[in-house]
Amino acid sequence: MKNIAIFASGSGTNAENIARLFHQGNRIRVAVVVSNKKNAGVHQRMEALGVPTLYLPNSVWDNDPAQVVDALRPYAPDLVVLAGFMRTIQPAIIDAYRGRMLNIHPSLLPAYGGKGMYGHHVHEAVMAAGEKQSGVTVHYVSDEIDGGEILMQQSVDIVPGDTAETLEAKIHPVEYSLYPRAIVAALQRLDNDGLPSSHAVTEVSATPERAEADHKAPEVPAAPPVPSADEEWAGVLQVKYSDSEARSAAERVSRQAQPPVPTQQPPAVPPRTLPDGERPKSYLAWSVAVTILCCTVAGIVAIIYSASVSSRLSAGDMAGARRASDRAQGWIIASFVLGVLWATLWVPISMLKTVLF
C-alpha cells in the first residue's frame, strides 16, 4: 500500500478528487490531509471520505517545520502532494521529502511561475500577454518556487473571447485529470529506485535545442513499446485495462468534481441619489401628529401612505413614491380639516344640547 499525504489550504476540491480516485483501490490511498487553516473546507470533505486531517497553524509551518515532519511520521507517506496549499514550504520539510513531494501549477512552467504567480494571478498574466496556449504542470517541489523538475504537463488552447475566468474554468478539469496520473507516475518512479521511468516525462513538445541534439544523435534500433504507468498498475492489480475506458472514467469523475462555472452577473447599478429638493417627502411626522390631534381614521391612512414612500424609494420606484407622498399629504389635510370641523361645530353643538336638554 502506497500512502499519500496532502497539503491543502482551501475548499479541497483537488484533494477530494485525488482521494475519491484512489479510495476504492488497495494499492494507493490518501493517508492524511494537513492544512494550515482550521476552518478550511477540505476538513469537511475529507471527513465525508473517512480520511484523517491535521491542523497546523502558520506559526508552525514558518518557525517549527520539524513539527510538520514529526506530525507526518505516523502516517509514513511515500509521497507528499500539494493541492491548493497557500504557504511556502520550508527547506526542512523539502529535505525530508526531497524527490517525494509534488505540486501542481496552473501554467506551462517555467512560464508564469515563481513568487506571486498563483491562482487567478497566473491566468490574468497569461491573458495579458496574449498567449495562445496555457495549461497545467505537475512538478517536484524544490528550494526554488515552481523551479523543481517537471513531471507532467498538459496544454489548453486559448481561443478568441476567452478571459481569465473562462481560462480558469478550462484549467480545473485538466488538473483533476492530470494530477492523479502524475501521482501514479511518481510512485512508479520511486519503485524504480528513484530513476526516471519511461512514462515520467512531460507532455510538451521538445525544445529546439533538444530537437537538434536528437537530430545529431546516432540512429539506434527502435525500442519495444513500454507500457504506461496505468497499464503497469493494472497488471499489479490483476485487472483488465482499457485506455479509452480509463479516459471516459476520468472524464466522468472530472465532471462530477468540477465546481460549477460562476455565471457573470451584470454589475449592480447603484441607486440614483437625488438632491433633497427632488426626493418625495414622506410626511410621516405630520401624519402621526394629525392622527393624535385631529381625525384618527384619516390620520392612519396618511401614516400608511407616508410609510410607503421610503419603501418605494428603496425599490427604485420613483413614480410610486411621488404618488404615495401626494396621497399622504392629501390625507393629512383631510384629517386636519375633519379635526377643525369637529372642534368648531360638533363640540359646541354637543355642549348646547347638554345645556338645553
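Where is the place of N36? Select N36: its place is in the loop between β2 (28-35) and α2 (42-49). Helices (H or I, at least four residues) and strands (E, at least two) are DSSP runs, numbered from the N terminus.

Before moving on, note that this is a predicted model, in which local features need pLDDT of at least 70, side-chain atom pairs count only at pLDDT 80 or more, and totals for chains, interfaces and linings use all residues. Residues are numbered from 1 along each chain as its sequence is written, and side-chain values use heavy atoms, with hydrogens and water left out.

**Stop 1: N36**

N36 counts as buried, at 5% relative accessibility. Buried means under 20% relative accessible area, exposed over 50%, and partly exposed in between (1.4 Å probe, protein chains only). Now show the side chains of S9 and N58. A polar contact of 2.7 Å joins the side chains of N36 and S9. A second side-chain polar contact, 2.8 Å, runs from N36 to N58. A polar contact is a pair of N or O atoms within 3.5 Å; within protein, one must be able to donate a hydrogen and the other to accept it, and residues adjacent in sequence count only if both atoms are side-chain atoms.

Leaving out residues up to four places away in sequence, N36 touches several others, among them Y55, W61, F85 and R87. Contact means heavy atoms within 4.5 Å.

**Stop 2: the ring cluster**

Select F7, W61 and F85. Ring pairs link these residues into a cluster. Rings of Phe, Tyr and Trp (its six-membered ring) pair if their centres lie within 6.5 Å; planes under 30 degrees apart count as stacked, over 60 as edge-to-face and the rest as tilted. The whole structure holds three aromatic pairs.

Start with F7 and W61. Their ring centres are 5.0 Å apart and their planes stand at 80 degrees, so this pair is edge-to-face. F7 lies in strand β1 (residues 2-8) and W61 in helix α3 (residues 58-63), so the pair ties together parts that are 54 residues apart in sequence. Both F7 and W61 are buried.

Next, W61 and F85. Here the ring centres are 4.7 Å apart and the planes are at 50 degrees, so the pair is tilted. This pair also links distant parts of the chain: W61 in helix α3 and F85 in the loop between β4 (79-82) and α5 (91-96), 24 residues apart. W61 has a relative accessible area of 0%, and F85 is buried at 9%.

**Stop 3: H105**

Go to strand β5 (residues 101-105), where H105 is found. H105 counts as buried, at 3% relative accessibility. Find the backbone oxygen of Y112: a polar atom of the H105 side chain lies 2.7 Å from this oxygen. H105 also touches V136, T137 and H139, among others.

**Stop 4: V136**

Follow that contact to V136 in strand β6 (residues 133-140). V136 counts as buried, at 0% relative accessibility. Add M152: the two C-alpha atoms are separated by 8.3 Å, with these positions 16 residues apart along the chain. The residues that V136 touches include I104, M152, I171 and L178.

**Stop 5: α6 against α7**

I171 leads to the last stop, where H123, E124, V126 and M127 in α6 meet A164, L167, E168 and I171 in α7. Select helix α6 (residues 120-128) and helix α7 (residues 164-191): they pack at an angle of about 120 degrees, with their axes 9 Å apart. That makes α6 oblique to α7. Angles under 35 degrees count as roughly parallel, over 145 as roughly antiparallel, 65 to 115 as roughly perpendicular and the rest as oblique. Axes are lines fitted to C-alpha atoms, for helices over the stretch in contact, and angles run from 0 to 180 degrees between N-to-C directions.
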